[in-house]
Amino acid sequence: MWQRSPSDGKMAGETPESSGTSLLHDAEATPRKPRHFLKDVIFHGKFQLLNCLTPEENTGCQHGLYFQDGERRVDYILTYHIKKPSSSRSNRQSSRFTDNAFTRSIRRGTARLGRAPTPQPRGDPEVASQDHSMDYHVDDKRLHREEFEGNLRDMGMELEKDEDTKTPGVGFVKIHAPWHVLCREAEFMKLKMPTKKVYEMKQSTGVGAKINTLVNKATEPLYPNVEDNRTHNVKHLSYMFSREKQHLFDLSDRDSFFDSKTRASIVFEVLKRTKCTKAKYSMGFTSLLGSGVYTDAYPLHDGDLDGENIEPNDRKLLYEEWASYSVFYKYQPIGLVRKYFGEKIGLYFAWLGLYTQMLIPASLVGVIVFLYGCATVDDNIPSMEICHPKNNITMCPLCDRACSYWKLKEACGTARASHLFDNPATVFFSIFMALWAAMFMEHWKRRQMRLNYEWDLTGFEEEEDHPRAEYELRVMQKSLKKEHKTQKNPTEIAEETTNKWKQTVQSAMAGLKLTEKEKLTCKDRLPAYMTNVVMMLLMIGVTFAIVFGVILYRISTKTALHMSNNPTTRSNVRLTVKTTAAIINLVVILILDEVYGAVARWLTVLEVPKTDKSFEERLIFKTFILKFVNAFTPIIYIAFFRGRLVGRPGSYLYVFESYRMEECAHGGCLMELCIQLSITMLGKQLIQNNLFEIGIPKLKKLIRYIKSKRRSFQEEEREKKLQRYETDHFLEPFAGLTPEYMEMIIQFGFVTLFVASFPLAPLFALLNNIIEIRLDAKKFVAELRRPVAARAKDIGIWYNLLRAVAKVAVIINAFVISFTSDFIPRLVYQYMYSPDGSMHGFVNHTLSYFNVSNFQDGKEPMDPQHQVEMCRYKDYREPPWSNTPYVISKEFWAVLAARLAFVIVFQNVVMLMSDIVDWLIPDIPKDISLQIHKEKILMVELFMKEEQGKIQFIDSMMPCGGKEKRNNHAPIARSRSIPHTHSHTHANNF
């Protein structure tokens, strides 16, 4: 381990911040201290350090993956803004711009204490080169960096700086975690690591095993060419790493014992725990990033994806076997994904892969249902009656004044098309999809448990995360306000300042934060909560207002097209209005999705959650509510409200006294619902999920290239000279998995909520997901910086959202079948009113009569094409010649009762069947349960053998007399030690 030099407070191998590169690069410009040279030679034994003058000349550094000595691997990168002497003016402007409330609060707090700024170190070459007119906060950031990096070295980390790069204005701090730090932090983080003990996994026998063998042989071409993806019959026994029990682990190759993903997560944990404590209030790593002291922080990718003489690495393997569209038909290498990106991202892609696989049977059944509708459309009696040439039923006008009477046979095409989605098979498909959703949830739970076992996550419990920078800032501001109120006179202020400074130093030495004494209460967050409620209601109101605006568009456009002189335009009014309205809805949904995402993040920031996990859960909940309402409000209106708030001829319902509410086509609203659902679903998938994901990262990458002032003719040449950490700097930062999960949850809603009206939804979702998996894979491997690996044993709040959507889907499909489609009216007519038990006469049964003389003044057609006395409209009302004309008939109440009864029966039966599926399928696979139990037994045996070995060693080292005494007391010792070992083992496995 490198130690701090007592003379200058710096580490061996570290360069002053203004030096431009590491210490070795400065050897020619400034004399090297013999003490540093000896440390380099003694502790590392690498005389080749003298030859590593520049990154370009050092072939051992492997393009920025290692320190200048070519031995120590770069585990993490911090970047910061540096100023060039030739552009001091512009840098002063930019530094003023980056000043924010955080640094101003720190300075105000420091000023209140009456302390002068931290004195600059004497003889610092960076300070000597700076102009005395430099802005104060730039100096302040440099001092914070020096303190933070010094504290990192005190934690055992090794640092190396590089400012002489091809990226102007950016300095890089390379961080390496030596072996003893990795061991210490792995023990603190309770990381499970494979031991030397290897055991054979029990293979199932019988008919099931033979079937599995045949299936594996048949699907062997579908597996990627990745070693980690192949099944193994043996497994290393895993145990939480302990420095006292290092002999249990295979440490023959220390460089590969902790892989790059684990090393980066360990360094990130140290960074989060390290504080700057010289100021009155401690600043954590997130605070330093938020205040601009550091601009970015990220681990490095393992290597390049293409080029000459590229060494094999996991990133290149993932790019070839996972992120390529040519392997779309293969399974994902989930084990390698987890190895490279961590468990949290591995679980997302495992869930996405399982969801896509489960869509295959749903798509097949959906296509069969659609084909059944196509095959039986010519046998559908209601549509045949509507399309019959002798059908001479005259229908009432569709709008006031501009529209004329029309013949029912004109709706022949709509009636035939409606049968494709409104037939008895859709009821079966709705039940099937409800059970499919339940089986998908159960299958995922089993898959999740299997992954937990394979990834050594059994017994893992998430610990409370570190506070976020914004939370620390708010607590700091609250403390400053309290202190300001308690100040009385200058004498007391001076005394309090001295006492508080002592208290700060003492708490910092004890490893405590001063801000822990304060916390944000509900009273502090009450304005934010009120703002959240008001803004959420306002955004939902905006969605409703836009849907209402589209309704007015449909009404006015339909009236305008009916007044057209072109007969082709008049004959295609319905199709034109439906399609254009659906496209308008899609454009509005896409725009509002982006707006609502920004609003949800802003509202979550206002709440100031304490931890990143709390922030993520609150953000997910708000985003889901807003985007769900945005995507499904137009569909819900068409399914359940359109055509039911119309009134009747002579007494229509009007909006703003001039817009007559729109009604459904004679075939029902199911066809219009299908058009709206298909356009919205396909549009979101093609435009938002795919084009945006491809185009936006590339556009941002282009903008970063332009900002870095890289000319086009130099781009290819400079790309070859860029170090790994510079190349990764130009990649898009990882923004979390929330957008990826969100688009899939909304898609899951399209697949399950209104599947009764659109049986092809699972097929389109399947085709989209096949592309989505490879698109996301390519984005993670090639377009994004490598995220810090995060451990997780489940998908968190997303599972609860999936269950909620699946439950709501049962209710919505019940209402779609009973109220939106004509399935229930057909059954009621066939079994209650049909004279011969067939569907003949059903169309006439659903139409009521209206006497045209009862039209309101000014509402009758201006130019009627037919001279009629009676017109028909779809409703269950008494005829005008009855004693109660135009009153709702008894048939209406019979159909309504049947509809409500169907909703109740369908909902309870399907939910009961879903619960039965949930009960029949165990959450934990039997073989995994047996393997976990076997691991616990093996762990107990391992520690008992170790204890017996210790006892035998002690006995062999003791003389005979002592050995007899030892034997006399051995039973007691064993009786005490064995239960202790057993309980210790169980404590670490549960």
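Biologist: Which helix lies across strand S1 and S3?

Modeller: Happy to start there, and keep in mind that this model is predicted. The two strands are S1, residues 76-81, and S3, residues 170-176. The helix across them covers residues 260-273 and runs at about 50 degrees to S1. Its name is helix H9.

Biologist: In what order do the four strands of the open sheet come?

Modeller: Let's work from the edges. Strand S2 (158-162) and strand S6 (296-298) each pair on one side only, which puts them at the edges. The pairing is antiparallel, and the twist averages 20 degrees from one strand to the next. The order is S2-S3-S1-S6.

Biologist: How many bridges join S1 to S3?

Modeller: Strands of a sheet pair through backbone hydrogen bonds, either parallel or antiparallel. S1 and S3 run antiparallel, and one of the pairs you can look for is Tyr76 with Ile175 of S3. The count of bridges joining S1 to S3 is six.

Biologist: What is the bridge partner of Glu160 in S3?

Modeller: Glu160 belongs to the pairing of S2 with S3, which is antiparallel over five bridges. In that pairing, Leu159 has Ile175 as its partner in S3. For Glu160, the partner is Lys174.

Biologist: Is S3 largely enclosed or not, and how many of its residues are buried?

Modeller: Check both faces in turn. On one side Val170, Phe172, Lys174 and His176 are buried, and on the other Gly171, Val173 and Ile175 are buried too. S3 is therefore largely enclosed by the rest of the structure, its buried residues numbering seven of the seven.

Biologist: Which helix gives the most to the largest nonpolar core?

Modeller: In soluble globular proteins, nonpolar side chains tend to be buried together. Here the largest core has 113 residues, and Trp351, Tyr355, Trp436 and Phe754 touch the most other members. Beyond its close sequence neighbours, Tyr355 is in contact with residues including Trp436, Phe440 and Phe748. The top contributor, with 14 residues at 343-376, is helix H13.

Biologist: How are H19 and H21 placed relative to each other, roughly parallel or roughly antiparallel?

Modeller: Two packed helices are described by the angle between their axes and the distance between the axes. Helix H19 (residues 522-562) and helix H21 (residues 573-607) pack at an angle of about 170 degrees, with axes 10 Å apart. Their contact holds 21 nonpolar, eight polar and four charged residues. Angles over 145 degrees count as roughly antiparallel, so H19 and H21 are roughly antiparallel.

How values were computed:
Residues numbered from 1 in each chain as written. Predicted model: local features only at pLDDT ≥ 70, side-chain atom pairs only at ≥ 80, totals over all residues. Heavy atoms only, no water. Pairing = 2+ DSSP bridges. Axes fitted to C-alpha atoms, helices over the stretch in contact; angles between N-to-C directions. Contact = heavy atoms within 4.5 Å. Core = buried A, V, L, I, M, F, W, Y, C linked by side-chain atoms within 4.5 Å. Buried < 20%, exposed > 50% of the residue type's maximum accessible area, 1.4 Å probe, protein only. Parallel < 35°, antiparallel > 145°, perpendicular 65-115°, else oblique. Nonpolar A, V, L, I, M, F, W, Y, C, P; charged D, E, K, R; others polar. Lists of a residue's contacts leave out its neighbours within four places in sequence.
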